[in-house]
Amino acid sequence: MTSAPHGQIPAVPDLVMPATAQTVPTLSVGVVALIALVAALRYGARHRTPLYTVVLLGGVIASLNEPVADLLGGCLHPQTGSWAVFTAYDRPIPAWAVIAYGLFFGAVPLLVFALMRGAANPRSRLLRCVAVIFTANLLIEIPILAGDVYVYYGDQPFKIFG
């Protein structure tokens, strides 16, 4: 990949999205998101509040930040064959990433909130929540990076065993 002059956005190389590698994370996060949505709707109906569903939607809306995060983080999603939901700064943002935002910035905070309610030892419980979130993120990131569903400019992080 060629580098751009200082202060300019680097050109997006023409990368092809691997079909199978795109399908697996899209279906995986889609199923988990559907479960989270059903739980949010049921919990919201039980407590007569749309808050849980709105928080999930807020997580999806947060995906509008992904192109900026990609630029600053030196990351890009292949554009050819990608199931892009939107494009900004010449960066296509695929469906799996938008759904994952709903989970990571919607469902995860709701889960942490639920786990922290009435905690006898909040510090210990919070540390366990952080460990679970970090571990889950690595379990998602490593296979997705290995499948070339997205790549980083330059040296690739999280490349295990080559």
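**Exercise 1. Work out whether Tyr 89 is buried, partly exposed or exposed in this predicted model, and describe the turn around it.**

Step 1: Start with the accessibility. Tyr 89 has a relative accessible area of 47%. Buried means under 20% and exposed means over 50%, so Tyr 89 is partly exposed.

Step 2: Now place the residue. Tyr 89 sits in the loop between S2 and S3. These two strands make a hairpin, with 2 residues between them.

Step 3: Check the backbone. Phi of Tyr 89 is positive, about 55°, even though this residue is not a glycine.

**Exercise 2. Find out how strand S2 is joined to S3, and name the partners of Ala 84 and Thr 87.**

Step 1: Look at the direction. S2 covers residues 84-88 and runs antiparallel to S3, with 4 bridges joining the two.

Step 2: Pick out the pairs. Ala 84 stands opposite Pro 94, while Thr 87 has Pro 92 as its bridge partner.

Step 3: Turn to the two faces of S3. In a regular strand, side chains alternate between the two faces of the sheet. In S3, residues 91-94, Arg 91 and Ile 93 are on one side, and Pro 92 and Pro 94 are on the other. All four are buried, so both faces of the strand are covered.

**Exercise 3. Compare Arg 48 with the cut-off for exposed residues, then say where Arg 48 is.**

Step 1: The relative accessibility of Arg 48 is 79%. Because the cut-off for exposed is over 50%, Arg 48 counts as exposed.

Step 2: You'll find Arg 48 in the loop between H1 and H2.

Step 3: Have a look at phi, too. For Arg 48 the value is near 55°, which is positive in a residue other than glycine.

**Exercise 4. Identify the members of the nonpolar surface patch and take a closer look at Leu 37.**

Step 1: The patch is made of Leu 34, Leu 37, Val 38 and Leu 41. Together they have about 340 Å² of accessible area.

Step 2: Leu 37 belongs to helix H1, which spans residues 19-47.

Step 3: With 34% relative accessibility, Leu 37 counts as partly exposed, because that class lies between 20% and 50%.

**Exercise 5. Describe the largest nonpolar core, then follow the contacts of Tyr 150.**

Step 1: This core has 20 residues, and Leu 56, Trp 96 and Tyr 150 touch the most other members.

Step 2: See which elements contribute. H1, H2 (51-61), H4 (95-116) and H5 (122-146) are the ones giving two or more residues. H4 supplies the largest share, 6 residues.

Step 3: Zoom in on Tyr 150. Setting aside neighbours within four places in sequence, its contacts include Cys 75, Leu 76, His 77 and Pro 78. Trp 96 is also among them, along with Glu 141, Ile 144 and Leu 145.

**Exercise 6. Put together an overview of the protein chain, from its elements to its surface.**

Step 1: Count the elements: 5 helices and 4 strands. Along the sequence they follow the pattern α-α-α-β-β-β-α-α-β.

Step 2: Of the 162 residues, 29% count as buried.

Step 3: Consider contacts between residues at least 6 apart in sequence. Among those, 62% join residues at least 24 apart.

Step 4: Finish on the outside. The protein chain exposes about 10,200 Å², and carbon and sulfur atoms supply 69% of that area.

Notes
Residues numbered from 1 in each chain as written. Predicted model: local features only at pLDDT ≥ 70, side-chain atom pairs only at ≥ 80, totals over all residues. Heavy atoms only, no water. Buried < 20%, exposed > 50% of the residue type's maximum accessible area, 1.4 Å probe, protein only. Pairing = 2+ DSSP bridges. Patch = residues over 30% accessible without salt bridge, like charges linked within 9 Å, V, L, I, M, F, W, Y side chains within 5 Å. Areas by Shrake-Rupley, 256 points an atom, 1.4 Å probe, with all protein chains shown as cover. Salt bridge = Lys/Arg side-chain N within 4 Å of Asp/Glu carboxyl O. Core = buried A, V, L, I, M, F, W, Y, C linked by side-chain atoms within 4.5 Å. Contact = heavy atoms within 4.5 Å.
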